[in-house]
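The following exercises are to be worked with the sequence and the coordinates at hand. Each task is followed by a solution in steps.

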Protein chains: 2
Amino acid sequence: MSRDSSDFPAVHDLDAAIALAPDGEDAWRGQTHPAYGNMVGPFGGVIAATLLNAVLRHPELLGEPVSQTVHFAAPIADGGFTIRTRVMRTNRTTQHWHVELLQDGEVAAFSTAVTALRRPTWATTDAAFPEVPPAGSIAPAPHIARAAWTGRYEMRFVDGAPGAPDSASDSSQSRLWIRDLPERPLDYLSLAALCDAFYPRIFVRRPKWVPIGTVALTTFFHADAAQLAAQGGAPLLGVARAQRFGNGFFDQSAEMWSEGGELLATSHQVVYFKE
Amino acid sequence: MSRDSSDFPAVHDLDAAIALAPDGEDAWRGQTHPAYGNMVGPFGGVIAATLLNAVLRHPELLGEPVSQTVHFAAPIADGGFTIRTRVMRTNRTTQHWHVELLQDGEVAAFSTAVTALRRPTWATTDAAFPEVPPAGSIAPAPHIARAAWTGRYEMRFVDGAPGAPDSASDSSQSRLWIRDLPERPLDYLSLAALCDAFYPRIFVRRPKWVPIGTVALTTFFHADAAQLAAQGGAPLLGVARAQRFGNGFFDQSAEMWSEGGELLATSHQVVYFKE
């Protein structure tokens, strides 16, 4: 169900939110966007996409994203920020990156990334594509008014919706069809943000509100740019689950699948929580 | 089966391999150790442990490791190297780090890390502790002579030994009991190295030798220091599996369990392969 990009609005809020203006060599200016606000500060997924955008727009870029790690080092205030990029190493087919986001001269977030020239090789998928009802058969979940960013995603939960009657079960797993609202052709930038759009697993496993915050997030991009472009604005099947909660932190891992069963990305994060 | 550290040799080869000599502010000198050599250059797990050691020895360190991401940016030559540390941000209970390993003035590897003051909270484990035979009932696998580091680990495979008759199955999963050789009391440094001691999944899934190399590795440490110390030199149960192979890269995820069923760490890496 690929579409021509002319089917989509000229400037999507996501593109406005991750936009960067050059500010000298290896430096950019950006600012948070109210459409992707979280309860406090901006949605982390859009910060990840912004940091990746600084890599993808860099004149020395080699290849496509293979991995990205984002550290949410401190609260990000709504408003402007500076981004600085540094090429750590360029090889023949791979390149390593460091990117910082600064506010008031202090690092509030930073990212590392690997980009690479992809080439065809032997390929197979070991993870199992879940058998679930199609997206169209499930009603979208209501947005959470105090977290504006949730209004920018269509989420159709197969199971594991936070606060659902079954959410105090033994499992922290959620499976949902998810896509940008309004629809936007999939690329690495939107995929980077989508990988952080899973609600914190603690709210699925134990439906009690506590302060939480992602501390570090690593995403592995398995799809090449052509595979992503072929998705157009189709919903992706996301699967997320935690492995361990304790001592104020938990981890959660996610898979992002195409409707056709291609594993586009896997993502892993560690999250702070209180109590 | 905790033991007093006096049961162990005074200086373990691992500690010699990750040793750092101060070389001015935020800088250290180290060198590769032949006991942990790989086919070319050093075993990546020991590089991860060395980069973590620079954080743990830093005078401004806050707390214990929660996560570490290592980028293997270029081949590391046997011999000496310089390490530079940078505190990216210090908060009340968490701290973010950037560490570089340089040879000939160029970055060959780098790491980010989160350390934090852990405190008791609600805790549970969602991942399932595998039911497997005890370590003592399984013979250790032979070492691989051309990869010296394999002689520094005792590996007792439950299943998924590379090159085993079942290794061309549909699964890239291995389960094995693993520990340092000679025995060494477990700590964050040895655990960081152990998380990279799983053979590349492509050799389990498809028993054909091809050039491979880990590109980036992220480990989440779930255990606190006391939990690790209580392990002494007991074997850990490691579980590793890939999710997706294609376009010259695959990912693999690992779990490290104590004999008693505690999930001590989870780890995720992306690996380059040829063909």
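## Exercise 1: The peptide bond before Pro182

Task: State where Pro182(B) is found in chain B, and describe the peptide bond from Leu181(B) to Pro182(B).

Solution. Pro182(B) is found in the loop between β9 (174-180) and α3 (188-194) of chain B. The model is a predicted one. In it, the bond from Leu181(B) to Pro182(B) is cis, with omega near -15°. Turning to chain A, a cis peptide bond joins Leu181(A) and Pro182(A), with omega of about -10°. Pro182(A) lies in the loop between β9 (174-180) and α3 (188-194) of chain A.

## Exercise 2: The relation between the copies

Task: Determine which rotation superposes chain A on chain B, and which residues the copies use to meet.

Solution. Begin with the superposition: a rotation of 180°, with 0.0 Å of shift along its axis, places chain A on chain B at an RMSD of 0.0 Å. The two copies are therefore related as by a two-fold rotation axis. Next, consider the surfaces involved. Of the interface residues of chain A, 100% are also interface residues in chain B, so the copies meet through the same surface.

## Exercise 3: The interface

Task: Describe the contact between chain A and chain B by its residues, its buried area and its polar pairs.

Solution. Step one concerns extent. The contact takes 67 residues from chain A and 67 residues from chain B. Together the chains bury about 5,600 Å², of which 56% is on carbon and sulfur atoms.

Step two concerns polar pairing. Between chain A and chain B there are six salt bridges. One joins the side chains of Arg205(B) and Asp126(A), at 2.6 Å from N to O. The two chains also have 34 residue pairs in polar contact, both residues being at pLDDT 80 or more.

Step three concerns composition. Strand β6 (residues 106-116) of chain A supplies eight residues, the largest share of the side of chain A that touches chain B. By class, that side has 27 nonpolar, 24 polar and 16 charged residues.

Step four concerns strands. Strand β11 (residues 236-246) of chain A pairs with strand β7 (residues 124-125) of chain B in the antiparallel sense, over two bridges. Within β7(B), Thr125(B) is the bridge partner of Arg244(A).

## Exercise 4: Strands β1, β2 and β4 of chain A

Task: Trace the pairing of β2(A) with β1(A) and with β4(A), and describe the turn of the hairpin.

Solution. Strand β1 (residues 21-22) and strand β2 (residues 27-31) of chain A run antiparallel and are joined by two bridges. Ala21(A) has Arg29(A) as its bridge partner in β2(A). The two strands form a hairpin with four residues between them, and Gly24(A) in the turn has a positive phi of about 95°. Asp26(A) is also placed in the loop between β1 and β2 of chain A; its phi is near 60°, a positive value in a residue other than glycine.

β2(A) also pairs with strand β4 (residues 80-90) of chain A, in the antiparallel sense and over five bridges. There, the bridge partner of Arg29(A) in β4(A) is Thr82(A). Arg29(A) thus has a partner in β4(A) as well as Ala21(A).

## Exercise 5: A salt bridge within chain A

Task: Identify which parts of the chain are linked by the pair Arg152(A) and Asp13(A).

Solution. Over all chains, the count comes to 26 salt bridges. In one of them, the closest N and O atoms of Arg152(A) and Asp13(A) are 3.1 Å apart. The pair links distant parts of the chain, 139 residues apart: Arg152(A) is in the loop between β7 (124-125) and β8 (153-159), and Asp13(A) is in helix α1 (residues 13-17).

Methods. Residues are numbered from 1 along each chain as its sequence is written. Chains are lettered from A and ligands numbered from 1 in the order in which they are written. This is a predicted model: local features need pLDDT of at least 70, side-chain atom pairs count only at pLDDT 80 or more; totals for chains, interfaces and linings use all residues. Side-chain values use heavy atoms; hydrogens and water are left out. Contact means heavy atoms within 4.5 Å. Buried area is the accessible area (1.4 Å probe) that two parts lose on being put together, summed over both. A salt bridge is a side-chain nitrogen of Lys or Arg within 4 Å of a carboxyl oxygen of Asp or Glu. A polar contact is a pair of N or O atoms within 3.5 Å; within protein, one must be able to donate a hydrogen and the other to accept it, and residues adjacent in sequence count only if both atoms are side-chain atoms. Ala, Val, Leu, Ile, Met, Phe, Trp, Tyr, Cys and Pro count as nonpolar, Asp, Glu, Lys and Arg as charged, and the others, Gly among them, as polar. Copies are superposed by least squares on the C-alpha atoms of residues with pLDDT of at least 70 in both.
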